[in-house]
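User: I am new to this structure and would like a close look at a single part. Please pick one helix, keep the sentences short and explain the terms. Then show me what else is worth seeing around the chain.

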Amino acid sequence: MYFTSDKHKYLTFLFGIAFAFLAFYFRWKALGQTEYVNGWDGYFYLIQLRAWLATGTMHSPDASLIYPFMGSLHFFIDDYVLTYKTTAAILSSAFVLLIFAVARRWGAHFYLAGLLASISLFSPQLTYFAAQYPKNLLGMTLLLGFFWSVGHRWKTLPLLFLLLNYFGHRLSFGIALIFIIVYFLSQRLNWRAVAWGSFALLCIVSLGLLLPGLLHWTDFARLEGLLSAVPHFSPYSFVQEFGKERLTILWGMEIGMSCIFFFGALFFPFQKIKDARFLGLLVICTVLVFPFFKWSLTSFSYRFFLVFVLLAPCLSVFYFPQGKRWNKVYGMLILILVGMSGYSYQAYQPQLHDPSYKRYAAITAKAMEVLKREDTELVIAHPALAEFFTFTTQIDAMPWLPEYEISDTMLWRIAAGVRAPLLAHYLTEEEKTSTFRLALRYYLIREVTWQKMLATIKEEDLVSYQELSGWENPNRIRPSFLLRKKQ
């Protein structure tokens, strides 16, 4: 950690430890609101982790650092769900601590750096992000480490953190590249350093050809449909589509506050501040809310927005006033934010923000009354249910059509949103005997029967076909950038 003087050394240390502890405590309480794992992808992480620990290979090969990190925690915890929650809580704590360290590195006085750490401590967005995307949060934590390392007297330190970001997450690695490019373009160029840096970067990126789950040229297929001709502002789009009923006042306040930090940096001091780090961060935040990225809650624009809210407050380091007369103001704001943190973590509500895992547990239990492991090769189900089913039964399930051949008798589907009269009308008596009700509008049905029924419905009842063709009933083969992991 960076200290400006011995006088503040121990105070800074104690402040950092206290905030790291509080960040862990509040996120732990938030994540503990449900007995199940948190987030839509939570059980996928656990499938990966259990396969890696049991066999040395993952269900879907991935060289990300998140799995060694989770594996080291599982060694002591020995409970997969608690391992996930502990991972998310620790990464949240590290994020808050590194926000403070980066602010100090970038020239913020103790109280201003403390204010930024308090914002992250309070942050409902960070709590939600930790619950839903621990792999992304690991990337953001490593990104802050990279920010901290740039300009360090150890010249190889930024390269080390860049490498860690490469193994952390694609998004954090991409942001780190934008930052370092802007940083170097804003400096007097040392062409020898640029040449060596370019060579090192080429070596790092080449690892994607050898190791799974890292940045690879096939990942550019993910960018298909990235842009839209209709502009939008991501924070506003998020509030509108995510739903005000799923947002709290404190969460909305944080989103608005981040927008103020961003526009304050964009319009007021842009011409006055020549610091390369400020320019790099401002370019990053501008890219994260670029108005012509196509918006949806499953798009890159959505993920970019989540990161924007977490990073935008750091811009204030370069234009907020500092001095003794401001210390009391910042100190009072720190106390207010710390106090509000005891409430803000409740903005994450599993019953509103996570899948209905309790219902999925009942559906899975009912399905296992029919299915036999030795006679079932694959079950098709919608996202989150598929991962929950796989983890709890150890029968392979996925939200895609298989790209390989499977016997009709060993391929099943958990169909969602199905009305009983449709089954009664379109299925033969023989087909009905191998179709089982699992819950309200959830049925276990052979895939060959489902596809036959769906084809008939498409010809005769377009409205019902459209109802059954949404995300709850997967009907696509995995795209090539996902299949690469299987090869």
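Analyst: The answer below starts with one helix and then moves on to other parts of the protein.

This is a predicted model, in which local features need pLDDT of at least 70 and side-chain atom pairs count only at pLDDT 80 or more, while totals for chains, interfaces and linings use all residues. Residues are numbered from 1 along each chain as its sequence is written, and side-chain values use heavy atoms, with hydrogens and water left out.

The helix is H14, residues 300–311. Helices (H or I, at least four residues) and strands (E, at least two) are DSSP runs, numbered from the N terminus. H14 has twelve residues. From first C-alpha to last, H14 reaches 16 Å, close to the 16 Å expected at 1.5 Å a residue. That expected span is 1.5 Å times one less than the number of residues.

Is H14 enclosed or open? Ten of its twelve residues are buried, so the rest of the structure largely encloses H14. Buried means under 20% relative accessible area, exposed means over 50%, and partly exposed lies in between (1.4 Å probe, protein chains only). The buried residues of H14 include Tyr302, Phe304, Phe305 and Phe308. Leu306, Val307, Val309, Leu310 and Leu311 are also among them.

Now look at the start of H14. A side-chain oxygen of serine 299 comes within 3.3 Å of the backbone nitrogen of serine 301. Serine 301 itself sits in H14. Its relative accessible area is 1%, so serine 301 is buried. Its side chain also makes a polar contact of 3.4 Å with the side chain of serine 234. A polar contact is a pair of N or O atoms within 3.5 Å; within protein, one must be able to donate a hydrogen and the other to accept it, and residues adjacent in sequence count only if both atoms are side-chain atoms. Setting aside residues up to four places away in sequence, serine 301 touches His232, Ser234, Phe293, Lys294 and Trp295. Contact here means heavy atoms within 4.5 Å.

Step back to the whole protein. It has 23 helices and five strands. Of its 487 residues, 52% count as buried. Among contacts with a separation of 6 or more, 75% join residues 24 or more positions apart.

Aromatic rings come next. The structure holds 52 aromatic pairs. Rings of Phe, Tyr and Trp (its six-membered ring) pair if their centres lie within 6.5 Å; planes under 30 degrees apart count as stacked, over 60 as edge-to-face and the rest as tilted. In one pair, phenylalanine 15 and phenylalanine 110 have ring centres 5.2 Å apart and planes at 70 degrees, so they are edge-to-face. Phenylalanine 15 lies in helix H1 (residues 9–31) and phenylalanine 110 in helix H5 (residues 110–122), so this pair ties together parts 95 residues apart in sequence. Phenylalanine 15 is buried at 13% relative accessible area, and phenylalanine 110 is buried at 10%.

Another pair is stacked: phenylalanine 238 and phenylalanine 242 have ring centres 4.7 Å apart and planes at 20 degrees. They are four residues apart in helix H11 (residues 234–242), about one helical turn. Both are buried. Arginine 246 lies over the face of phenylalanine 242, at 4.1 Å from the ring centre. A charge sits over a ring if NZ of Lys or CZ of Arg is within 6 Å of the ring centre and within 35 degrees of the ring normal. Arginine 105 likewise has its charged end over the ring of tryptophan 148, 4.5 Å from the centre.

Return to helix H5, which holds alanine 117. Alanine 117 counts as buried, at 0% relative accessibility. Its C-alpha is 5.5 Å from that of valine 96, which is 21 residues away along the chain. Beyond its neighbours within four places in sequence, alanine 117 is in contact with Phe15, Phe19, Val96, Ile99 and Phe100.

Loops complete the picture. Arginine 478 lies between helix H22 (462–467) and helix H23 (480–483). Arginine 478 is buried, at 11% relative accessible area. A polar contact of 2.6 Å joins its side chain to that of glutamate 403. Aspartate 78 lies in the loop between helix H3 (66–77) and helix H4 (80–105). Aspartate 78 is exposed, at 64% relative accessibility. Its phi is positive, about 60 degrees, although aspartate 78 is not a glycine.
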